[in-house]
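Q: I would like to learn how to read a structure model feature by feature. Where should we begin?

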Amino acid sequence: MEKQQNIESVLIEKRVFAPPSTFAQQAQLKADALAELQRRAAADHVGFWAGLARQHIAWHKPFTRALDESKAPNYRWFVDGELSVSANCLDRHLVERGNKTAIVFEGEPGDTRSLSYRALHAEVGRLANTLHSLGLQAGDRVVIYLPLVPEAIIAMHACARIGAVHSVVFGGFSALSLKDRIEDTGARLLITADGGWRGGQIVELKSAADKALSLGCPTIEHALVYRRTGQDIAMQAGRDLWWHEAVATQSPDFTAVPVAADHPLFLLYTSGSTGKPKGIQHSSAGYLLNCKLTSEWVFDLRPEDVFWCTADVGWVTGHSYVAYGPLAAGATVMIYEGAPTFPDGGRFWKICERHGVTILYTAPTAIRALMKLGDAIPQSHDLSKIRLLGSVGEPINPEAWIWYHRVIGRERCPIVDTWWQTETGAILISPLPGLTATKPGSCTLPLPGIEVDIVDDAGQSVTQPDAGGYLVVKRPWPSMLQTIWGDNDRYLRTYWQKFQNRYYVAGDSAHRDADGYYWIMGRIDDVLNVAGHRLGTMEIESALVAHPRVAEAAVVGQPHEIKGEAVFAYVVLNGARPVAAASAALSDELRSWVGEQLGAIAKPDTIRFADNLPKTRSGKIMRRLLRAVARNEPITQDLSTLENPAIIEQLRGEAN
Ligand code: PRX
C-alpha cells in the first residue's frame with residue numbers, strides 16, 4: 001500500500017508536545033496505574049476486562065463467564081450477567097450526586113435548561129412508564145428522530161430502561177432515509193418533534209416523519225411528538241401523541257428492567273462501501289464498560305467538569321460521549337442544539353464561556369471552519385476554564401491541531417486525538433492526556449487492553465516504521481459491535497473475512513512511526529468522510545441514478561479545506577450532455593434531489609457531466625482515474641485498458 005502522506009505532515013511530524021506539567025500533576029490516571037493496567041492486560045486479556053467490568057458496572061446479576069468465543073467472530077462479553085444501562089448511568093448516582101447537574105442545554109435561540117441527575121432520572125422514568133403503557137417491551141425497536149435537546153437523551157435512556165432497542169436517526173437525514181431505517185429496524189414507535197432549530201431556520205422534523213410514515217413503515221404504531229418549536233403541525237388521530245400530554249399523568253418512578261449483558265442497547269446506521277446503510281448493533285454491558293472507562297481515562301473526567309462533546313446524538317460520538325459514557329462517569333454534560341456559527345462565529349466560544357466548559361471534544365471539520373474565521377473571535381472570549389481538548393472523526397491536519405492548541409487551548413491544554421468508529425463503540429487509540437506526549441496528526445497509542453496492529457495484504461504485521469497497511473484489531477474488546485442487524489453474513493464479510501476471521505478489519509489504512517505512534521491515512525474502501533461523517537459512494541450513486549434524467553453516476557471524494565472531503569459526482573445523462581446554463585440548472589436540480597433522497601449532508605459539491613464514464617474493457621468503472629481527475633492530480637495509472645480514452649478531456653471539464 002502506498003503511503004498517502006502530504007508534505008506538510010511529513011515536515012511537522014517531528015513536533016512532540018509533552019503533557020503540560022500542570023495537567024499531568026493533577027491527572028487521575030498516573031504512570032504507575034497505567035503500567036499496572038498494561039501489565040494486567042498483557043498477562044490475561046480476558047481477565048483484565050472481567051476485572052474492570054466487576055469494578056465499573058453495577059450488575060443486577062453478576063456474570064460468571066467473561067467471554068464467549070464459541071461463535072467467534074461473533075464474540076459475546078459477560079454473557080450470563082444482567083444489568084440496566086440506564087440504572088448504571090442514573091440510579092447509581094442518586095444518593096451521592098442526585099442534585100448535581102447532569103445535563104446543561106442551550107437551544108439555538110438562546111434558551112437554556114439544566115437537569116440534575118435526579119430530574120433526569122424522573123423524566124426518564126416518566127417516559128419509560130409512557131413507553132410501557134404503549135405496550136412496548138424489552139427487545140422492541142424505537143426510532144428516535146429529534147433535535148439535540150435533552151429529550152433526545154431522555155428518550156434513549158427511557159428505551160434502555162425498559163430494554164427497548166433504540167435507533168437514533170440524525171435530524172439532518174431525509175424522509176426517505178428515515179423510512180429506510182425504520183423499515184430495517186421494524187420499529188413500533190417513532191419519537192420525533194415538531195421541529196428543531198438550525199442556522200436560524202426550523203428543521204421540519206414532523207413533516208419529514210409524516211412523509212416517511214406515508215411511504216411505508218407498516219410496523220409503526222405510534223409517533224410520540226415532542227413540542228420544541230411550537231409551529232403548527234399535523235397530528236394524525238390515533239397514531240400521533242404529544243409527548244407532554246403522554247407523560248403528564250405518568251409516575252417518575254420506573255424500576256429499570258435488567259437485561260442480559262449482550263442484549264442490544266441500540267442500532268445505529270452507518271454507511272458502507274456497498275449496498276444500504278448497515279445497522280450496527282451494540283451490546284449493553286460491554287458497550288457501557290468501554291464508554292465509561294474511556295470517559296475517565298481519555299477525558300480525565302472529574303466531578304467539577306463540564307464536558308462538551310459537540311456531536312449530535314444521531315452519530316455514535318453522541319451516543320458514547322453524550323448519552324452514555326459521561327453520565328456513567330457522573331459528569332455534567334453540555335449539549336447545544338444548533339449550528340456552530342449561528343448567529344455568528346463566536347457562538348461556540350460564547351457557550352464555553354457562559355457555561356464554564358472545561359473539556360471540549362469536537363471534530364476537525366468544525367475546528368477548520370472556526371479557524372478560518374480568525375483568532376480574534378475566540379481571543380475575545382474567556383476560555384480559561386477549558387483544560388482539555390479532543391478531536392474525532394477524521395485525521396486532524398497539523399495546521400488545525402496547532403491552531404486548536406494555540407488559540408483555544410492557549411498552549412496549556414493537552415489535545416486528545418481519538419481514533420474509533422461506530423463499530424468499535426468507544427475510543428480505541430488515543431493519547432492519555434496526563435501521560436502521552438502528542439504529535440500533531442497522530443492519534444498516538446492504543447488504550448490499555450486494546451491490541452491494534454498494521455498488517456499487509458497477507459495479514460503479516462508491518463514492522464518497518466512509517467510503512468502503511470491495514471489497521472486491524474487483534475483481540476476482541478468489550479464494546480465491539482455484535483453484528484449488523486439482520487445481516488450477520490455482511491458482518492462477517494465486511495469486518496472479518498479479509499484475514500480469515502483472525503482480525504477485525506477497521507477499513508482504515510494507517511502507518512506507525514518509530515515510536516509506535518499510529519497515523520491514520522484514510523479509508524481503504526469507497527467510503528467518503530465528509531465533515532467527519534461517513535458516506536457511502538454507492539448510496540449517493542444510487543440516489544443520483546434514481547433521478548429520471550440520470551443514466552449512470554460515479555461518486556468520488558475530493559479534498560476540501562473545511563469538510564476534509566467533498567462529494568464529487570460524475571453523471572451520464574439519458575440524452576445529450578447539457579452545456580453552460582442548462583448544465584448549472586441541472587446540477588442544482590440533482591443536488592436538491594440527492595438532498596431529498598439522503599439528506600443535505602450527501603449533496604454533491606461538484607457535478608460533472610460526461611458522455612460516458614471511463615471503463616475498462618471488462619466494464620469496470622476506473623475509480624482511481626476519476627479520483628485523480630477530481631483532485632487535479634496527474635494520471636499515473638495504466639490507461640491501456642481504458643475503453644474510451646477520449647473521455648478524459650471531458651471528465652476534466654475541459655471539453656464542452
Ligand atoms: O476513517 C476513520 C475516521 O472515521 C471513521 C469512523 O467513522 P464513524 O463510524 O462515522 O465514527 C466517527 C466517530 C468515531 C474511521 O474509520 N476517524 C475517526 N476518528 C479518527 C478518524 N480518522 C483519523 N483520526 C481520528 N481520530
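A: This is a predicted model. We can take one residue, then move to sheets and helices.

Q: Where does Thr 436 lie?
A: Thr 436 sits in a loop, with strand 20 (415-418) before the loop and strand 21 (452-455) after it, since the loop is the one between these two strands.

Q: Is Thr 436 buried or exposed?
A: The cut-off for buried is under 20% relative accessible area. Thr 436 has 12%, so it counts as buried.

Q: Which residues is Thr 436 in contact with, leaving aside its neighbours within four places in sequence?
A: They are Phe 17, Pro 19, Pro 431, Thr 444, Leu 445 and Tyr 517. There is also a link to the backbone: a polar atom of the Thr 436 side chain lies 2.8 Å from the backbone nitrogen of Leu 432.

Q: How is Arg 623 to be read, as buried or exposed?
A: Arg 623 belongs to helix 21 (residues 623-630). Its relative accessibility is 18%, so Arg 623 counts as buried. Its side chain makes a polar contact of 2.9 Å with the side chain of Glu 541. Not counting residues up to four places away in sequence, Arg 623 touches Asp 526, Thr 537, Glu 541, Val 555 and Val 556.

Q: Now sheets. What is the order of the strands in the open sheet of four strands?
A: Strands of a sheet pair through backbone hydrogen bonds, either parallel or antiparallel. Here the order is 21-22-24-25, and the pairing is antiparallel. Strand 21 and strand 25 (518-523) are the edge strands, each pairing on one side only. From one strand to the next, the twist averages 45°.

Q: How many bridges pair strand 24 with strand 25?
A: Five bridges, in the antiparallel sense, pair strand 24 (residues 504-512) with strand 25. Within this pair, Gly 522 of strand 25 stands opposite Ser 509.

Q: What is the pairing in the open sheet of seven strands?
A: The pairing is mixed, and the strand order is 5-4-17-16-18-19-20. Its edge strands, strand 5 (112-116) and strand 20, each pair on one side only. On average, neighbouring strands are turned by 20° against each other, direction ignored. As one pair in detail, strand 4 (residues 101-106) and strand 17 (residues 332-336) run parallel and are joined by four bridges. Met 334 in strand 17 is the bridge partner of Val 104.

Q: Which strands does helix 13 touch when it packs on the sheet?
A: Helix 13 touches strand 4, strand 16 (306-309), strand 17, strand 18 (359-362) and strand 19 (388-392), and its direction makes about 165° with that of strand 16. Of the 13 residues of helix 13 (residues 316-328), 13 are buried, so the helix is largely enclosed by the rest of the structure. Just after helix 13, Gly 330 has a positive phi of about 75°. Another helix, helix 14 (residues 347-355), lies across strand 4, strand 5, strand 16, strand 17 and strand 18, and runs at about 145° to strand 4.

Q: Which way do the residues of strand 7 point?
A: In a regular strand the side chains alternate between the two faces of the sheet. In strand 7 (residues 165-168), Val 165 and Ser 167 point one way, while His 166 and Val 168 point the other way; all are buried. Strand 7 pairs with strand 6 (residues 141-145) in the parallel sense over four bridges. Val 165 is the bridge partner of Arg 141.

Q: What does the buried side of helix 9 pack against?
A: Buried residues of helix 9 (residues 175-185) include Ala 175, Leu 178, Arg 181 and Ile 182. The buried residues pack against strand 6, strand 7, strand 8 (189-193), helix 10 (205-214), strand 14 (266-270) and helix 20 (580-598). Gly 186, just after helix 9, takes a positive phi of about 65°.

Q: Last, at what angle do helix 15 and helix 17 pack?
A: Helix 15 (residues 364-372) and helix 17 (residues 398-408) pack at about 70°, with their axes 10 Å apart. Angles of 65 to 115 degrees count as roughly perpendicular, and helix 15 and helix 17 are therefore roughly perpendicular to each other. The contact residues divide into six nonpolar, no polar and two charged.

Definitions and conventions. Residues numbered from 1 in each chain as written. Predicted model: local features only at pLDDT ≥ 70, side-chain atom pairs only at ≥ 80, totals over all residues. Heavy atoms only, no water. Buried < 20%, exposed > 50% of the residue type's maximum accessible area, 1.4 Å probe, protein only. Polar contact = N/O pair within 3.5 Å; in protein donor to acceptor, adjacent residues only side chain to side chain. Contact = heavy atoms within 4.5 Å. Pairing = 2+ DSSP bridges. Axes fitted to C-alpha atoms, helices over the stretch in contact; angles between N-to-C directions. Parallel < 35°, antiparallel > 145°, perpendicular 65-115°, else oblique. Nonpolar A, V, L, I, M, F, W, Y, C, P; charged D, E, K, R; others polar.
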